[in-house]
Each structure stands twice: as C-alpha cells, then as structure tokens.
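Trainee: Please give me a close look at one part of this model. I want the strands, and what sits on them or ties to them.

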Amino acid sequence: MKEVATVLDFANAAALDRINYELIKVIENLQNPNTDEKPRKLTIEMSITPVNNRTTVNIKTTVKKTLRPTNAVHAQMAMAVIGSTYQLVESGGGYIDGQKDIFGEIHETNIVKINKSEE
C-alpha cells in the first residue's frame, strides 16, 4: 500500500487534475482585459455516499467554475427607410469619410442595407 496525503490523491489524483484544469480557465478569464474586475469562483463539491451496508464509501468530486462574461460592445447607428430598404449607418467616432484618425487610418463610415420584409 501507498500512503497518500489526502483523499484528493485517490483515483490517481484525478480530482486535483480537475481543480488545476478549471483553475487555468479562471486565470485565463482573469487575464482577459475584456472582462470586469469582479470575483470569479472555483467550487469544489464532494459527495460522500455509503454503499454495501456502509462498508464502502463512494466519493464523487465535482469542480465548477464561475467566470465573468466579456464586456458589452456598444455602437450607435442612424436608421432610414429608403424605398424598399432599411439603411443603417454607424454614427459616432467624430470623423468624416476620408478623414484620417489619430493613427493615420482613413475613416470610412459603415453602412448596412437590409431589404424590408414583404408582408
């Protein structure tokens, strides 16, 4: 027999592997600059169930993570109905078509044309 430190070492330390796997996901979410700075959670749940007239015990370990979603992306648009189409024009940014922005990029306004539904 081999003496181990905790029951987390049972099943070839698979529970510890799951904890580390989910912890990596939490750390990646923390490092994402598109998420807020609220806490993330790593929950380790152990269910211990007696079996065989209580001579054997089944240990089930579940690891759950709660991540933060990425921040919302906002844009503004102007809408117009022209003939049989809706025209959606991105507004904002303070640039006129053909004008250079502070990075030297030529600005172009985004526009989407959508045909009106036939009723």
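Mentor: What follows goes from the surface, to the charged pairs, to the sheet. This is a predicted model: local features need pLDDT of at least 70, side-chain atom pairs count only at pLDDT 80 or more, and totals for chains, interfaces and linings use all residues. Residues are numbered from 1 along each chain as its sequence is written, and side-chain values use heavy atoms, without hydrogens or water.

Begin with strand 1 and strand 2. Strand 1 covers 41–51 and strand 2 covers 56–66. (Strands are DSSP runs of E, at least two residues; helices are runs of H or I, at least four; both are numbered from the N terminus.) Each of these two strands supplies at least two residues of a nonpolar surface patch. The patch is made by Val-4, Val-7, Phe-10, Ile-44, Met-46, Ile-48, Val-57 and Ile-59. Its area is about 660 Å². (Patch residues have over 30% relative accessible area and no salt bridge; nonpolar side chains are joined within 5 Å, like charges within 9 Å. Areas are Shrake-Rupley values with a 1.4 Å probe.) Strand 1 gives the most to the patch, with three residues.

Two isoleucines of the patch deserve a closer look. Ile-48 lies in strand 1. Ile-48 has 57% relative accessibility and therefore counts as exposed. (Buried is under 20%, exposed over 50%, partly exposed in between.) Outside its neighbours within four places in sequence, Ile-48 touches Val-57 and Asn-58. (Contact means heavy atoms within 4.5 Å.) The C-alpha atoms of Ile-48 and Thr-61 are separated by 8.8 Å. Those two residues are 13 apart along the chain. Ile-59 is the other one to note, and this residue lies in strand 2. Ile-59 reaches 33% relative accessibility, so partly exposed is the right class.

Now the charged pairs. The count comes to three salt bridges. (The rule: a side-chain nitrogen of Lys or Arg within 4 Å of a carboxyl oxygen of Asp or Glu.)

Take Lys-64 and Glu-45 first. Their closest N and O atoms are 3.9 Å apart. Lys-64 sits in strand 2 and Glu-45 in strand 1, so this salt bridge ties together parts that are 19 residues apart in sequence. Lys-64 has a relative accessible area of 44%, and is partly exposed. Glu-45 is partly exposed too, at 38%.

Next comes Glu-22 with Lys-65. Their side chains meet at 2.7 Å, N to O. Glu-22 belongs to helix 1 (residues 10–31) and Lys-65 to strand 2, so the pair links parts that are 43 residues apart in sequence. The two ends of this pair fall into separate classes: Glu-22 is buried, at 13% relative accessibility, whereas Lys-65 is partly exposed, with a relative accessible area of 34%.

The third pair is Arg-68 and Asp-36. Here the closest N and O atoms are 2.7 Å apart. Arg-68 is in the loop between strand 2 and strand 3, and Asp-36 is in the loop between helix 1 and strand 1, so this pair ties together parts that are 32 residues apart in sequence. Arg-68 is partly exposed at 25% relative accessibility. Asp-36 is partly exposed at 22%.

Past that loop comes the sheet. Three strands form an open sheet in the order 3-4-5, with antiparallel pairing. (Two strands pair if DSSP finds at least two bridges between them.) Strand 3 (76–82) and strand 5 (111–115) stand at the edges; each has a single partner strand, so one side of each is left without a neighbour in the sheet.

Look at the join between strand 3 and strand 4. Strand 4 covers residues 85–91. Seven bridges pair it with strand 3 in the antiparallel sense. Two of the partnerships can be named. Met-77 has Glu-90 in strand 4 as its bridge partner. Ala-78 is partnered by Val-89, again in strand 4. Strand 3 and strand 4 form a hairpin with two residues between them. In the turn, Gly-83 has a positive phi of about 65 degrees.

On to the other join. Strand 4 and strand 5 run antiparallel and are joined by five bridges. Leu-88 finds its bridge partner in strand 5, at Val-112.

Terms used
Buried < 20%, exposed > 50% of the residue type's maximum accessible area, 1.4 Å probe, protein only.
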